[in-house]
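Please look over the model below before reading my notes. They deal with cores and pockets.

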Amino acid sequence: MSSNRPSPPQHVAIIMDGNGRWAKARGLPRLRGHQVGAESVRAILLACRKVGVKYLTLYAFSSENWVRPRPEVTGLMSLLRKFLREQAEELHRHKVRLRVIGRMRDLPLPVRRELHRVIEETAHYTDGHLVLALSYGGRQEITDAVKAIAAKVKAGDLDPRRITEATIAQHLYLPDVPDPDFMIRTSGELRISNFLLWQLSYAELYVTPVMWPDFREPQFLEALEAYHARHRRFGDIK
Ligand code: IPE
Ligand code: IPE
Ligand code: MG
């Protein structure tokens, strides 16, 4: 990275949306959109290493996406397996640690196995962090945190008067990952769709009409430029 470039956001979170519409516009099956979208994942992961974004969180499958037609869900799950098998090498090359947020137990066993394998193999890397949100819901994450906190209170290990924002943050899925500085959503939708509800509190938001399969390094760099033009105030007047 050249020294006159502003420092990149430490953590970028992306709602990878628009695969289906991208395919439909081309008269292709939706799954084809997901396949080409997997190429975008690779491109953005590499771009993050290149520009020095340390944490990348990708919304790959929401807790709500289970209601989609079965062939699409199965197709997405086998694509995920394929992606893990093919991209593991890339993660090693760039010393990127893979982690997952979401209810991993909901995923089919072969996918879980593949995930556990890559998670374990990359656990010692610290250069970059790839977080995949799978069967993830922001409300579920907060609900799971509340349950864990309630259990500690019940066991007498935690005094409710001592519960602070930090207590809640510490009980989220990955408490050591810093909050995203920048959240990108592709395909033009102006909503959060249950993504990182707690963590996005002060993230800069960026929505592009570009569909996820077309979102590659140039589009990512354009988004980062928009980020650099932002003025984060965190409630202050400066
Ligand atoms: C995003 O693309 C991928 C997932 C949600 C798994 P979509 O599949 O939501 O594509 P659209 O929104 O229907 O175009
Ligand atoms: C959000 O996209 C979830 C993922 C990108 C994995 P959706 O396509 O599911 O969101 P909605 O349904 O348009 O809100
Ligand atoms: Mg969508």
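The numbered points below take the cores first, then the pockets.

1. Basis. This is a predicted model, in which local features need pLDDT of at least 70, side-chain atom pairs count only at pLDDT 80 or more, and totals for chains, interfaces and linings use all residues. Residues are numbered from 1 along each chain as its sequence is written, and side-chain values use heavy atoms, with hydrogens and water left out.

2. Main core. The largest nonpolar core (buried Ala, Val, Leu, Ile, Met, Phe, Trp, Tyr and Cys residues joined through side-chain atoms within 4.5 Å; buried means under 20% relative accessible area, 1.4 Å probe, protein chains only) holds 42 residues. Those with the most contacts inside it include Ile14, Leu130 and Phe220. Helix H3 (residues 70–93; a DSSP run of H or I, at least four residues) gives the largest share, 8 residues.

3. Second core. Another core lies apart from the largest one. It has 15 residues, among them Tyr55, Val131, Tyr136 and Leu174.

4. Leu130. Beyond its neighbours within four places in sequence, Leu130 is in contact (heavy atoms within 4.5 Å) with residues including Leu45, Leu56, Leu91 and Arg97.

5. Largest pocket. Its volume is about 670 Å³. Of 30 lining residues, the closest to the centre are Met16, Asn19, Tyr59, Ala60 and Phe61. A pocket is an open set of points on a 1 Å grid over the protein atoms alone, where a 1.4 Å probe fits, with protein on both sides within 12 Å along at least five of seven lines; lining residues have an atom within 4 Å of a point.

6. Second largest pocket. Its volume is about 300 Å³. Among its 18 lining residues, Leu172, Val177, Asp179, Trp198 and Gln199 are the closest to its centre.

How values were computed
Chains lettered and ligands numbered in written order. Buried < 20%, exposed > 50% of the residue type's maximum accessible area, 1.4 Å probe, protein only. Helix = DSSP H or I, 4+ residues; strand = E, 2+ residues; numbered from the N terminus. Points joined across faces, edges and corners; volume = space filled by probe spheres on them.
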